[in-house]
Amino acid sequence: VVMTRYKDKVKYWMTFNEINNQANFDLDFAPFTNSGLKFVEGENREKIMYQAAHYELVASAKVVDLGHKINPDFQIGCMIAMCPIYPATCKPEDMRAAKVAMQRRLWFTDVHESGHYPSYMLKYFERKAFDLDITPEDIEDLSKGEVDY
């Protein structure tokens with residue numbers, strides 16, 4: 001948890017720093033530094049990354065909810081890495097590919113801010129047959145732990 005000082009009182013907190021960097025699951029560095037993930041040959045890196053990210057998002061939501069109970073004046077937020085992905089050309093297929101690529105990096109914020117998964121990610125999980133461990137309790141925790149910024 002990252003904190004800043006405001007008039008000698010801790011007021012601003014962040015649960016995770018650049019949580020979306022693990023979207024680079026094809027490399028070893030980002031999943032390890034973001035989530036402590038070390039892959040074994042043959043594992044589905046993408047599915048494992050999404051599962052780890054889910055656990056982190058639930059943990060973040062629980063911290064936000066608890067932080068607000070401890071002190072309603074706390075402002076608790078999230079941080080993402082902004083790595084823009086530009087289309088190769090202005091052709092519609094390139095524009096769409098860039099949009100989808102950005103969604104794969106920014107959906108983390110959607111969950112932090114809205115307290116639920118965006119429909120496009122749920123459909124993606126379904127299309128990829130990712131049967132993630134997402135419990136009804138997790139869904140409830142996410143809905144109670146929306147960030148302030």
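Helices α2 and α3 are roughly parallel to each other, because their axes cross at roughly 25° and angles under 35 degrees count as roughly parallel, over 145 as roughly antiparallel, 65 to 115 as roughly perpendicular and the rest as oblique. The axes of α2 and α3 (residues 92–114) come within 10 Å, where an axis is a line fitted to C-alpha atoms, for helices over the stretch in contact, and angles run from 0 to 180 degrees between N-to-C directions. The crossing of α2 and α3 is right-handed; a crossing has that name if the near helix is turned clockwise from the far one by less than a right angle, and is left-handed if anticlockwise. On the α2 side the contact (heavy atoms within 4.5 Å) is made by M49, Y50, A53, L57 and S60, and on the α3 side by R104, W107, F108, V111 and H112. By class, this contact of α2 with α3 has seven nonpolar, two polar and one charged residues, with Ala, Val, Leu, Ile, Met, Phe, Trp, Tyr, Cys and Pro counted as nonpolar, Asp, Glu, Lys and Arg as charged, and the others, Gly among them, as polar.

The model is a predicted one, in which local features need pLDDT of at least 70 and side-chain atom pairs count only at pLDDT 80 or more, while totals for chains, interfaces and linings use all residues. Residues are numbered from 1 along each chain as its sequence is written, and side-chain values use heavy atoms, with hydrogens and water left out.

Helix α2 (residues 45–70) also packs against helix α5 (residues 136–144), at an angle of about 50° and with the axes 8 Å apart. That angle makes α2 oblique to α5, and α2 passes α5 in a left-handed crossing. The contact is made by H54, L57, V58, A61, K62 and D65 of α2 together with D138, D141, L142 and K144 of α5. By class, the contact of α2 with α5 has four nonpolar, one polar and five charged residues.

Within helix α2, H54 counts as buried at 0% relative accessibility, where buried means under 20% relative accessible area, exposed over 50%, and partly exposed in between (1.4 Å probe, protein chains only). Not counting residues up to four places away in sequence, H54 touches Y117, D133, I134, D138 and L142. On the α5 side, E137 counts as exposed at 54% relative accessibility. The C-alpha atoms of E137 and V58 are separated by 9.5 Å, although these residues are 79 residues apart along the chain.

S60 of α2 has a further partner, for a polar contact of 2.7 Å joins its side chain to that of T15; such a contact is a pair of N or O atoms within 3.5 Å, of which, within protein, one must be able to donate a hydrogen and the other to accept it, and residues adjacent in sequence count only if both atoms are side-chain atoms. T15 lies in the loop between β2 (9–14) and α1 (29–35), and T15 counts as buried at 11% relative accessibility.

In helix α3, L106 is partly exposed, with a relative accessible area of 25%. L106 touches I80 and M82, not counting residues up to four places away in sequence, and L106 and P118, twelve residues apart in sequence, are 11 Å apart in space, C-alpha to C-alpha.

Most residues other than glycine have a negative phi. The table lists two non-glycine residues with a positive value.

| Residue | Phi | Loop | Relative accessibility |
|---|---|---|---|
| E18 | about 50° | between β2 and α1 | 30%, partly exposed |
| A129 | near 60° | between α4 (119–127) and α5 | 61%, exposed |

For the protein as a whole, the secondary structure comes to five helices and three strands, and from the N terminus on the elements run β-β-α-α-β-α-α-α; helices (H or I, at least four residues) and strands (E, at least two) are DSSP runs, numbered from the N terminus. The C-alpha trace spans about 50 × 35 × 30 Å along its principal axes, and buried residues make up 36% of the 149 residues. Of the contacts with a separation of 6 or more, 61% are accounted for by residues 24 or more positions apart.
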